[in-house]
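Welcome! Open the structure in your viewer, and let us walk through it one selection at a time.

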Amino acid sequence: MTKTSDQDKKNNPEATGLRKGLTSYGDSGFSLFLRKAFIKGAGYSDIALDRPVIGIANTGSAFNPCHGNMPQLIEAVKRGVMLAGGLPMDFPTISIHESFASPTSMYLRNLMSMDTEEMIRAQPMDAVILIGGCDKTVPAQLMGAASAGIPAIQLVTGSMLTGSHRSERVGACTDCRRFWGKYRADEIDHDEINAVNSQLVASVGTCSVMGTASTMACVTEALGMMLPGGASPPAVTADRIRIAERTGATAVAMAINGLTPDKIMTPKAFENALRVLLAIGGSTNGIIHLTAIAGRMGIVLELDRLDAIGRETPVLIDLKPSGQYYMEDFHASGGMHALLRELKPLMHMDTLTVTGRTLGEELDIAGPGFPQSVIRPFTSPIYPQGGIAVLRGNLAPSGAIIKQSAADANLMEHEGRAVVFENIEDMALRIDDDALDVNADDVLVLKNIGPTGASMPEAGYLPIPKKLARAGVKDMVRISDGRMSGTAGGTIVLHVTPESAIGGPLAYVKNGDRIRLSVKERSINLLVSDAELVQRIRENPIVRPTAERGYRHLFLKTVTQADKGVDFDFLRPVDAKPENKPEE
Ligand code: FES
Ligand code: MG
């Protein structure tokens, strides 16, 4: 790591320290004088000030246990920045936790991205370190950093440890759902569900399976925006703290060298990220987030390309919910380096990372692997095709997806009778009613949980109706315009686009209609004639939801559909350029 000399700063006008973004109103000398006076008020001396300023986005919050190691990470990051000759300055932004954010965490992701972008822009920093972890925070930070444009590097808080329930290993939150399913089916009692509740989240850090947080950590490393090896160390380990220290030092080099996000987040880098998402059996939410981040760079990610990549990319990681292990096992087995060694022939290895070296160069530095059983060789995958398939049809003209690696193989080709719920409240009211007319072969349909319908909650994982759960039914075809948690599994069709609340065909499905799912043909169809559909549309005009004021007004007015990343339209450069698509 080079120390910043005056010569460096002359050669690299990007690294301007406290001078950056001075609002001089005609007297820049006085503005800098004031800025220095105030920072000295916090106890800094002159020697600390004339060097690259590295901002650190601090997302610690009592409401976010996934970020519970924030103080230790910030300390280590600051040490790294100072060892490399920079001045670390942490600042707060919004923090979002999945279980504490209402109405949904997705509702707040774009707000956090705007907060992050504007705070990076407003304050004098030459590079920024983004510390996130819980599902929406990393996407929000990368979206903000992509738009702000200064050198940026992502650090994640790392995964939580696994717990133990009556000597069975458990972790959030695939096992949360499994145990809750057992409780709903009367397989375990009140005392046992209470006992397991204390074991599911065994430490601070993000969910210990390949949920959205772990998915975003892995794809961010593949994207090049995180230090190689930075995705997998658990939150409470020395490895995690050392990654934090190195992240600090790397940020100083990025500031000096002007290594901005546009040099790293290229179309090829996004294709690498998508490939990794599929190979890890990653969260379906990752697709929406990558689409949104790419959109900020003016890059279009197309669902059909995702499907094509999926057909040639097997699932190699044996982690829940697609497999059996946890993130700490992934780390012990070599983490992303071990995965990339297997995926190398399919990846663009010439994409740049935050280190200034390419993905290929970093993999060479990491050296050879070792025998282990969590990251499978290409020749012996967990699942032969990518975890996620893209569906189209008259029910989803702009696409829908299914996480086939976590679905029941017997339901992949299925035709059944629709059992329709108009919205979440309707579902909550009736799904456990013994009088509900439903059989195991039916297709459960939930409307109005898309971006404008309900800010896209993870309600796409509809529970199995209680009377069927008690009879031993474990999976059914379920369809919605919402999302599901990355830690969930089942034969679940998600992100139906356009959504029902803006008049997508899903809005016109009626009880008793027949629906056909064919993963092989990549289709999802409502077996109702076009004439009948047109008639239903005419008879039931849709009134789009609106809000009088505030953030909700902005959200409902400008939010885009799943195929555009559910970002606000005004935050995406309108001229997404076709030439930004990678060559085949
Ligand atoms: Fe934060 Fe799962 S709730 S990562
Ligand atoms: Mg989640």
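## Stop one: an enclosed helix

Among the elements that cover the buried residues of helix H13 are helix H6 (137-148), helix H9 (212-223), H12, helix H14 (303-311), strand E7 (388-393) and strand E8 (396-403). Keep in mind throughout that this is a predicted model.

Now select H13 itself, residues 285-296. This helix has twelve residues and reaches 17 Å from its first C-alpha to its last, close to the 16 Å expected at 1.5 Å a residue. How many residues of H13 are buried? Twelve of the twelve are, so the helix is largely enclosed by the rest of the structure. The buried residues include Asn285, His289 and Arg296 as well as Ile287, Ile288 and Leu290. Just after H13, click on Gly298, which takes a positive phi of about 75°.

## Stop two: a neighbour, H12

Next, select helix H12, residues 267-279, and pick out Arg275 within it. Is Arg275 buried or exposed? Arg275 is buried, because 23 other C-beta atoms lie within 10 Å, and the cut-off for buried is 20 or more. Setting aside neighbours within four places in sequence, show Ile309, Thr313, Leu343, Leu346 and Met347 to see what Arg275 is in contact with. You can also draw a distance from Arg275 to Thr353: the two are 78 residues apart in sequence and 17 Å apart in space, C-alpha to C-alpha.

## Stop three: the nonpolar core

Zoom out for the largest nonpolar core, which has 172 residues. Ile54, Ile129 and Ile317 are the ones with the most contacts inside it. Colour helix H10 (residues 238-257) too, as the largest share of this core, ten residues, comes from there.

Centre the view on Ile129. Not counting residues up to four places away in sequence, Ile129 touches Ile54, Ile56, Ala57, Val77, Ile153, Leu155, Thr247, Gly248 and Ala251.

## Stop four: domains

Try colouring by domain: domain 1 is 51-161 + 203-366, domain 2 is 163-197 and domain 3 is 388-539. The C-alpha centres of domain 2 and domain 3 lie 27 Å apart. Where these two meet, seven residues of domain 2 are in contact with seven residues of domain 3. On the domain 2 side, the touching residues are two nonpolar, two polar and three charged.

UniProt offers another way to divide the chain. An unreviewed entry there annotates residues 51-361 as "domain: Dihydroxy-acid/6-phosphogluconate dehydratase N-terminal". Over residues 51-361, the chain is 49% helix and 9% strand, with end C-alpha atoms 29 Å apart. The unreviewed entry also annotates residues 374-565, as "domain: Dihydroxy-acid/6-phosphogluconate dehydratase C-terminal". In residues 374-565, helix makes up 18% and strand 22%, and the end C-alpha atoms are 31 Å apart.

## Stop five: backbone details

Most residues other than glycine have a negative phi, and most peptide bonds are trans. Here are some spots to compare with that.

- Select Ala172 and Cys173: the peptide bond from Ala172 to Cys173 is cis, with omega near -10°. You will find Cys173 in the loop between strand E6 (168-170) and helix H7 (174-184).
- Move to Lys320 and Pro321, where the peptide bond is also cis, with omega near 5°. Pro321 sits in the loop between H14 and helix H15 (327-332).
- Pick Arg166, a residue other than glycine with a positive phi, near 50°. The loop between strand E5 (163-165) and E6 holds Arg166, and this residue counts as exposed because it has 9 C-beta neighbours inside 10 Å.
- Then choose Ser455, where phi is positive and near 50°. Look for Ser455 in the loop between helix H19 (451-454) and helix H20 (466-470). With 23 C-beta neighbours inside 10 Å, Ser455 counts as buried.

## Last stop: Asp350

Finish in the loop between helix H16 (335-343) and helix H17 (359-366), where Asp350 lies. Asp350 is exposed, because it has 10 other C-beta atoms within 10 Å. Which residues does Asp350 touch, not counting those up to four places away in sequence? They are Thr358 and Gly360. For a final distance, connect the C-alpha atoms of Asp350 and Val236: these residues are 114 apart along the chain, and the atoms are separated by 33 Å.

Methods
Residues are numbered from 1 along each chain as its sequence is written. Chains are lettered from A and ligands numbered from 1 in the order in which they are written. This is a predicted model: local features need pLDDT of at least 70, side-chain atom pairs count only at pLDDT 80 or more; totals for chains, interfaces and linings use all residues. UniProt positions are given in the numbering used here, feature names are shortened, and annotations may be inferred rather than shown by experiment. Helices (H or I, at least four residues) and strands (E, at least two) are DSSP runs, numbered from the N terminus. A nonpolar core is a set of buried Ala, Val, Leu, Ile, Met, Phe, Trp, Tyr and Cys residues joined through C-beta atoms within 7 Å. Domain bounds come from an automatic or database domain assignment. Ala, Val, Leu, Ile, Met, Phe, Trp, Tyr, Cys and Pro count as nonpolar, Asp, Glu, Lys and Arg as charged, and the others, Gly among them, as polar. The expected span of a helix is 1.5 Å times one less than its number of residues.
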